[in-house]
Amino acid sequence: MKKTMKKISALMAVMAFAVLGLTSCGGGSGSEAEANDIPTDGLLGELPMLTAKYCNKIVDLREKIFSGQLTEKEMQEARAEFDETEKERDAKLLLAREALNGKEIPVEVQEGVAVKLEPVMKIDASGKGSIYAVVKGSITKTIDYSQFRNYYMIPIDTDGKAIDTDRGGMWYKEDGEMSLDQTKEGTKLTAKAYVSVGSTSARSHNTSEMKRWAKIAKFCIMDCTTDAYKKLKEQFEADKKAEEIEAAKAVVGEK
């Protein structure tokens with residue numbers, strides 16, 4: 001009976017570890033060495049590089065653990081290494097995030113967007129959750145509340161290309177959430193843009209994504225119904241497809 005209970009306990013421990021592993025990092029592309037090559041001299045410092053590095057490292061360890069090829073001793077060693085890697089990741093990301101807290105990222109507003117913002121957003125990287133770039137401003141003309149759903153906060157890199165294009169952002173009136181009667185000209189507001197790096201629970205932090213974030217130059221507030229936004233999105237999708245093709249070629253050994 002005791003042996004049976006020990007087996008059940010061991011199985012439950014493995015299952016719990018599996019759940020932990022699956023939620024720690026949803027998928028990396030590229031090796032740890034490739035992640036180490038991500039530039040660290042941009043506005044976000046070391047954070048994109050560290051995010052990709054530890055995502056890849058944890059994915060590699062998880063694959064090793066669940067390969068079915070380890071002895072019991074090797075499994076214990078791999079699990080211990082996994083735990084240590086997570087601790088190291090959390091510590092390094094915390095320090096890198098802290099170094100960014102309060103730093104500034106320029107922001108521009110596309111012509112026709114009915115808001116006026118301060119020229120820079122400030123990074124809020126406190127805690128372990130999502131990182132945001134925050135800026136204050138005001139509404140420049142009375143508009144329908146639903147219009148804010150079309151105002152996207154697009155991160156742009158040093159080459160003028162989009163880092164991501166599906167960024168709705170969040171809009172608040174100065175002392176609370178926006179509502180139908182608070183979209184009049186002159187209404188004070190706060191805008192928050194999501195910065196997709198440095199979360200310990202990231203599900204999509206791969207090397208190619210972090211390479212783009214390492215080159216961030218500014219945020220641009222754009223109306224997603226405009227031709228300018230649509231062209232930017234088309235270019236982003238084309239570049240992303242090209243990245244995927246190059247990665248596939250690398251896997252099969254093509255040049």
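**K233 counts as partly exposed, because its relative accessibility is 26%.** Three classes are used here: buried means under 20% relative accessible area, exposed means over 50%, and partly exposed lies in between (1.4 Å probe, protein chains only). The model is predicted, so local features need pLDDT of at least 70 and side-chain atom pairs count only at pLDDT 80 or more, while totals for chains, interfaces and linings use all residues. Residues are numbered from 1 along each chain as its sequence is written, and side-chain values use heavy atoms, leaving out hydrogens and water. The partner of K233 is E237: their side chains meet in a salt bridge, 3.8 Å from N to O. A salt bridge needs a side-chain nitrogen of Lys or Arg within 4 Å of a carboxyl oxygen of Asp or Glu. Both K233 and E237 sit in helix α6, four residues apart, which is about one turn of the helix. Helices (H or I, at least four residues) and strands (E, at least two) are DSSP runs, numbered from the N terminus. E237 has 38% relative accessibility, so E237 is partly exposed.

**E246 and K249 form a salt bridge in helix α6.** Their closest N and O atoms are 3.9 Å apart. Three residues separate the two in sequence, about one turn of the helix. How accessible is E246? E246 reaches 49% relative accessibility, so E246 counts as partly exposed. K249, with a relative accessible area of 27%, is partly exposed.

**D239 forms a salt bridge with K161.** The closest N and O atoms are 3.4 Å apart. This pair links distant parts of the chain, 78 residues apart. D239 belongs to helix α6 (residues 227–252). K161 belongs to the loop between β5 (151–157) and β6 (170–173). D239 is partly exposed, because its relative accessibility is 23%. K161 is partly exposed too, at 34%. The structure holds ten salt bridges. Elsewhere, E86, R89 and D90 are linked in a network of salt bridges.

**Strand β5 is largely enclosed by the rest of the structure.** Why is this said of β5? Seven of its seven residues are buried, so the rest of the structure largely encloses β5. Y151, M153, P155 and D157 point one way from the strand. Y152, I154 and I156 point the other way. Seven bridges join β5 to strand β9 (residues 216–223), and the two run antiparallel. Strands pair when DSSP finds at least two bridges between them. Within this pairing, P155 stands opposite F219 in β9.

**Y152 and Y229 form an aromatic pair.** Rings of Phe, Tyr and Trp (its six-membered ring) pair if their centres lie within 6.5 Å; planes under 30 degrees apart count as stacked, over 60 as edge-to-face and the rest as tilted. A pair of aromatic rings is described by the distance of the centres and the angle of the planes. A search of the whole structure finds five aromatic pairs. Which kind is the pair of Y152 and Y229? Their rings meet edge-to-face: 5.6 Å centre to centre, with 80° between the planes. Y152 lies in strand β5 and Y229 in helix α6, so the contact's ends are 77 residues apart, linking distant parts of the chain. Y229 is buried, because its relative accessibility is 5%.

**V115 is buried in strand β2.** The strand covers residues 115–117. V115 counts as buried because its relative accessibility is 5%. Which residues touch V115, leaving aside its neighbours within four places in sequence? V109, S138, I139, T140, F148, Y151, W171 and L189 are in contact with V115. Contact means heavy atoms within 4.5 Å. Among these residues, F148, Y151 and W171 form one aromatic cluster. V115 and E185 are 70 residues apart in sequence. In space, C-alpha to C-alpha, V115 and E185 are 9.0 Å apart.

**T40 lies in the loop between α2 (32–36) and α3 (47–65).** T40 has 38% relative accessibility, so T40 is partly exposed. Leaving aside its neighbours within four places in sequence, T40 is in contact with G45, E46 and M49. T40 and K215 are 175 residues apart in sequence, with a C-alpha to C-alpha distance of 9.1 Å.

**K192 lies over the face of Y132.** The distance from the ring centre is 4.5 Å. A charge sits over a ring if NZ of Lys or CZ of Arg is within 6 Å of the ring centre and within 35 degrees of the ring normal.
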